[in-house]
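Biologist: I have not looked at this one before. Can you walk me through it?
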Amino acid sequence: MVTIALVQRMKPILLSPPHMGSEELRFVHEAFTTNWIAPVGPNVDAFEAEFCQTVGSAHAVAVSSGTAALHLALRLIGVAPEDEVFCSTLTFVATANPITYMVAKPVFIDSDRTSWNMDPELLSTALKQRDRSGKLPKAVILVHLYGQSADIDPILEICDRYDIPLIEDAAEALGATYKGRTPGTFGRMGIYSFNGNKIITTSGGGMLVSAEPTLMEKARFLATQARDPAPHYQHSEVGYNYRLSNVLAGIGRGQLQVLSERVAARRHNFETYYQALGTLPGLKFMPEAAFGKATRWLTCLTVDPEQFGCDREQIRLALADHHIESRPVWKPLHLQPVFAEAECMGGAVAEHLFQRGLCLPSGSSLTDEDLQRVIQVIQDVYHQKGRS
Ligand SMILES: *Cc1c(COP(=O)(O)O)cnc(C)c1O
C-alpha cells in the first residue's frame, strides 16, 4: 500500500514552476470571446500600460521573449558586425546570444562578490583600456541576476562618461528594487522575461522598456516585420516577427496583479532556507546588497566542500534522489564552448560561484512541507557527509 506520506515524499519539487493567480483565465477568455487571437489587441495594449505602471517606465513594447527584446535593443542601438558589446559573464546564455545575432563580439565582465553582478571597477578599467586603444564598445549589457539588482549608479556613470548606451537585462529581476526604483528602467533600454520559470510568466514572452518614445515606436515597427505605411505590403528594412500574442498578454495581465505576492513568497522561501541551513558550516547564501531589495527569484548558496564535508554536486544529487530539482549557478559565458573565442575581463569570481553555487527550489507555490523536505535532505547530507 502506498501511504499519503510516501506519495508526498515522491512528489517532484521543481526549481521554479509557473504559478497562476485567479484572473489570468478571465483575460484569456476575453481574448477568445472578442476573437482577438492575434499578436495585437486590447490585452497587449493593457499589459504594456499596466507593466509601465508597475516598473515605472514611460514606454513598453510586449514581445515574444526576453531574448527578442534584447535583440531589438541591440538593433535599435545600431550594433554592427565586428562591434564589441560588453556583457556580464555570470548569466544565462540568452543575454549574449543576441550579440551574436548582430554578428558583433561579446566581451565578458566578471562579477563582484557583494551582488554577484557586474563589477563596476572592472568595467571602468576595461573601458579605460578600450578608450586608450580607440575602440569603445557599442553597448553594455548589464544583468540583474537571480532577482538582485546590480550596482547600477556607478555603472551608469561610467557608461555616460564614454557615451555608451546601457541595456539592462532585468529578465530575472522583475519586482526587485535599486534605491527604491525598478532595475531595468535606468539604462537606455531594459528587458524583462515572462518565460515559464520567471517570477511571473505568460508561458513565453518578454518586454522592452525605455523612456524614449521614438525608440519604442521603432521597436514596435521592427517587431511587426517592419511594414512601411502603405496599403500594400511594403518593406524598406528587415524586420522580425516578435510581438506578443494577445492571448498570452492576458495571462500577463493576471500575473502582474499578483507580482508583489510572488515576491513575498520567494523571499519567504529564502528566509526559511536561511533560518534552517544558514548556520551549517560551509554554506553561504547569496548576499542581499544594501542598495536594494532582491526578489530572491532563486535562492542561491555556495558550498565550501572542506567545511561542509561534501561538495555542491553531492548535495544536488542527493536532492535529485529525493525528486527535488536544484541547479548549479549559471556557468559563466566565458567558459561556454560557444563563446570560446570571446575575451573576458577577470572571471575568477564568476568561476568560483559556478563551481560552488547551487540554486534551490524557489517557486512561489512551494508549501512549508516542500521547503522542509528540501531542508531535511541537505541536513542529512551534512550529517552523513555524503549521499544516503
Ligand atoms: C530568462 C532569461 C533571459 C531570456 O528570456 P526569454 O524570455 O527566455 O527569452 C535573458 N536573460 C536572463 C538573465 C534570463 O534569465
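Modeller: Let's start with one side chain. In this predicted model, a polar side-chain atom of Asn-43 lies 3.1 Å from the backbone oxygen of Phe-27.

Biologist: Where is Asn-43 found?

Modeller: Asn-43 is in helix α3, which covers residues 42-55.

Biologist: Buried or exposed?

Modeller: Asn-43 counts as buried, because its relative accessibility is 3% and the cut-off for buried is under 20%.

Biologist: And what does Asn-43 touch, not counting residues up to four places away in sequence?

Modeller: Its contacts are Phe-27, Ala-31, Asn-246, Ala-249, Gly-250 and Arg-253.

Biologist: Let's follow Asn-246 then. Which helix is Asn-246 found in?

Modeller: Asn-246 belongs to helix α9, residues 246-257. Asn-246 has 1% relative accessibility, so it counts as buried.

Biologist: Which backbone oxygen lies 3.0 Å from a polar atom of the Asn-246 side chain?

Modeller: That of Trp-36. Trp-36 is also among the residues in contact with Asn-246 once neighbours within four places in sequence are left aside. The others on that list are Ala-31, Ala-38, Pro-39, Val-40, Gly-41, Pro-42, Asn-43 and Val-44. Ala-31 is in contact with Asn-246, and Asn-43 touches Ala-31 too.

Biologist: New topic, the ligand. How many residues surround it, and which are the closest?

Modeller: There are 14 around the ligand, and the closest are Thr-67, Asp-169, Glu-172, Ser-193 and Lys-198.

Biologist: How do the residues of that shell divide into nonpolar, polar and charged?

Modeller: Three are nonpolar, eight are polar and three are charged.

Biologist: What about polar atoms of the side chains and the ligand?

Modeller: Thr-67 has a polar side-chain atom 2.5 Å from an oxygen atom of the ligand. For Ser-193, a side-chain N or O atom is 2.7 Å from an oxygen atom of the ligand. With Asp-169, the ligand atom is a nitrogen, 2.7 Å from an N or O atom of the side chain.

Biologist: How much of the ligand's accessible area does the protein cover?

Modeller: On its own the ligand has 380 Å² of accessible area, and the protein covers 94% of that.

Biologist: Back to the backbone. What is said about phi at Asp-163?

Modeller: Asp-163 is not a glycine, yet its phi is positive, about 60°. Most residues other than glycine have a negative phi. Asp-163 sits in the loop between α7 (152-161) and β5 (166-169), and at 71% relative accessibility Asp-163 counts as exposed.

Biologist: And Lys-179, what is its phi?

Modeller: Positive, about 50°, and Lys-179 is not a glycine either. Lys-179 is in the loop between β6 (177-178) and β7 (189-193). With a relative accessible area of 52%, Lys-179 is exposed, because the cut-off for exposed is over 50%.

Biologist: Now the whole protein. How many helices and strands?

Modeller: The protein has 14 helices and 14 strands. Its radius of gyration is 22 Å, close to the 21 Å that the globule rule gives for 388 residues, so the protein is as compact as a globular protein of that length. The C-alpha atoms fill a box of roughly 70 × 60 × 35 Å along the principal axes.

Biologist: What share of the residues is buried?

Modeller: Buried residues are 55% of the 388. The accessible surface comes to about 16,600 Å², and carbon and sulfur atoms hold 54% of that surface.

Biologist: How far apart in sequence are the residues in contact?

Modeller: Of the contacts between residues at least 6 apart in sequence, 72% join residues at least 24 apart.

Key: Residues numbered from 1 in each chain as written. Predicted model: local features only at pLDDT ≥ 70, side-chain atom pairs only at ≥ 80, totals over all residues. Heavy atoms only, no water. Near = heavy atom within 4 Å. Polar contact = N/O pair within 3.5 Å; in protein donor to acceptor, adjacent residues only side chain to side chain. Areas by Shrake-Rupley, 256 points an atom, 1.4 Å probe, with all protein chains shown as cover. Nonpolar A, V, L, I, M, F, W, Y, C, P; charged D, E, K, R; others polar. Helix = DSSP H or I, 4+ residues; strand = E, 2+ residues; numbered from the N terminus. Rg over C-alpha atoms; globule rule 2.2 N^0.38 Å. Buried < 20%, exposed > 50% of the residue type's maximum accessible area, 1.4 Å probe, protein only. Contact = heavy atoms within 4.5 Å.
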